[in-house]
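Reader: I have not looked at this protein before, and I would like to go through it step by step. Could you show it to me, so that I can put my questions with the sequence and the model in view?

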Amino acid sequence: MKINDYRHSASKGNDWYENPSLWIFRNLLGKRSQTSPRMAMGNSAEFGCALDLFFDRSDADVVEHCTNHMVNQFDGEWFDETDKVGGIALNLSKAIKEEFPDIGKPHLFQRKRRHKLGSLEYPVTTMTDFEWEDLIIDTKATLAVPSQPREGHVRQQALYSVLIGKPAVLVYASHKKYKVFELSDEIIRSNYETMINSFESLEVFMANAANTKTAMQMIPLNTDGYKWSEEDREYAKENWNN
């Protein structure tokens with residue numbers, strides 16, 4: 001099975017590693033999931049953080065602009081996440097400025113690259129949040145800051161770190177607090193290998209699945225987990241193997 005213009009990415013590699021049926025749903029069934037309030041909160045908080053890092057805007061300006069940014073994604077509809085997005089944006093930028101006081105303004109924001117690796121048929125796409133000359137920082141907006149970085153996020157940053165050639169840091173922030181995780185060389189190396197193995201496994205699967213129907217017959221549907229919306233869950237159950 002060939003997919004025209006397919007590109008590996010950290011999110012696709014994580015889907016395949018954690019739940020192959022989710023990868024099939026997102027890449028073969030042709031249904032695009034709608035943006036959830038939690039996803040929009042992440043996008044808008046990152047936007048607000050960028051305003052502060054690049055332009056040193058006041059707290060009030062950051063809150064106003066990133067709140068409006070989120071509201072506009074839903075044509076004015078308001079969610080619990082909308083109330084918190086401004087505080088999250090402020091904590092993301094605060095974390096970066098306090099943990100790296102001499103870092104200065106980012107050199108790049110949301111930089112997209114394509115990488116061709118000899119062991120893979122398809123290229124790998126990376127999209128970083130913030131980059132400096134010798135550092136990648138990825139921001140994660142959340143309602144509950146974890147005590148340890150989430151494994152999928154570590155695999156993502158390990159991939160970026162090796163392919164781009166810079167150390168990577170994960171910054172989590174809620175509207176109440178933040179936490180910064182610097183990733184060691186050993187963690188980067190082992191998680192990079194896991195991501196590449198996931199891509200290689202996926203390509204073997206694609207080579208042996210003749211079409212979407214065969215792919216669904218080879219992989220059982222598993223709709224457990226937060227990555228499935230109720231709408232997507234029902235659609236998958238109705239269309240799997242039908």
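Reader: Of the contacts in the protein chain with a separation of 6 or more, what percentage is accounted for by residues 24 or more positions apart?

Author: Please keep in mind throughout that this is a predicted model. Counting the contacts in the protein chain whose separation is 6 or more, the share that belongs to residues 24 or more positions apart is 71%.

Reader: How many helices and strands does the protein chain have, and what is its radius of gyration?

Author: The protein chain has nine helices and eight strands. For 242 residues the globule rule gives 18 Å, and the value for this chain is close to that, so the chain is as compact as a globular protein of that length. Taken along the principal axes, its C-alpha atoms fill a box of roughly 55 × 40 × 30 Å. The radius of gyration asked for is 19 Å.

Reader: What share of the residues counts as buried?

Author: The surface that the protein chain exposes comes to about 12500 Å², and carbon and sulfur atoms supply 46% of it. As for the residues themselves, of the 242 in the protein chain the share that counts as buried is 49%.

Reader: Which helix gives the most to the largest nonpolar core?

Author: The largest nonpolar core has 26 residues, and those with the most contacts inside it are Leu-92, Ile-96, Ile-137 and Val-171. Several elements each supply at least two residues of this core, namely helices H3 (37-55), H4 (59-73) and H5 (80-99) together with strands E5 (130-132), E6 (135-141) and E7 (168-173). The element that gives the most, with seven residues, is H5.

Reader: Which residues is Ile-96 in contact with, leaving aside its neighbours within four places in sequence?

Author: Ile-96 is among the residues with the most contacts inside the largest core. Once its neighbours within four places in sequence are left aside, the residues in contact with Ile-96 are Cys-49, Leu-53, Ile-103, Trp-132, Ile-137, Thr-139 and Val-171.

Reader: How many residues are in the second, separate core?

Author: This second core is separate, and among its members are Ala-10, Leu-159, Tyr-160 and Phe-181. The number of residues in this second core is 22.

Reader: Is Lys-84 buried or exposed?

Author: Lys-84 lies in helix H5. Leaving aside its neighbours within four places in sequence, Lys-84 is in contact with Leu-143 and His-175. Its relative accessible area is 18%, and because the cut-off for burial is under 20%, Lys-84 counts as buried.

Reader: What is the relative accessibility of Asp-138, and is that residue buried or exposed?

Author: Asp-138 is found in strand E6, and, not counting residues up to four places away in sequence, Asp-138 touches Asp-129, Gln-156, Gln-157, Val-169, Leu-170 and Val-171. One of these, Gln-157, is 19 residues from Asp-138 in sequence, while the two are 7.6 Å apart in space, C-alpha to C-alpha. The relative accessibility of Asp-138 is 2%, so this residue counts as buried.

Reader: Which helices are included in what covers the buried residues of H2?

Author: In helix H2, which spans residues 20-28, the buried residues include Trp-23, Ile-24, Phe-25 and Leu-28. What covers the buried residues of H2 includes the helices H1 (10-18), H7 (185-208), H8 (212-218) and H9 (230-239).

Reader: How many Å apart in space are Met-216 and Leu-28?

Author: Met-216 is found in helix H8 and is buried, with a relative accessible area of 6%. Leaving aside its neighbours within four places in sequence, Met-216 is in contact with Ile-24, Leu-29, Asn-239, Trp-240 and Asn-241. Met-216 and Leu-28 are 188 residues apart in sequence, and their C-alpha to C-alpha distance in space is 9.4 Å.

Reader: Where does Asp-56 lie, and is that residue buried or exposed?

Author: Asp-56 has a positive phi of about 55 degrees although it is not a glycine. Its place is the loop between H3 and H4. With a relative accessibility of 55%, which is over the 50% cut-off, Asp-56 counts as exposed.

Notes: Residues are numbered from 1 along each chain as its sequence is written. This is a predicted model: local features need pLDDT of at least 70, side-chain atom pairs count only at pLDDT 80 or more; totals for chains, interfaces and linings use all residues. Side-chain values use heavy atoms; hydrogens and water are left out. A nonpolar core is a set of buried Ala, Val, Leu, Ile, Met, Phe, Trp, Tyr and Cys residues joined through side-chain atoms within 4.5 Å. Buried means under 20% relative accessible area, exposed over 50%, partly exposed in between (1.4 Å probe, protein chains only). Helices (H or I, at least four residues) and strands (E, at least two) are DSSP runs, numbered from the N terminus. Contact means heavy atoms within 4.5 Å. The radius of gyration is taken over C-alpha atoms; the globule rule is 2.2 Å times the number of residues to the power 0.38. Accessible areas come from the Shrake-Rupley method with a 1.4 Å probe; for residues, only the protein chains shown count as cover.
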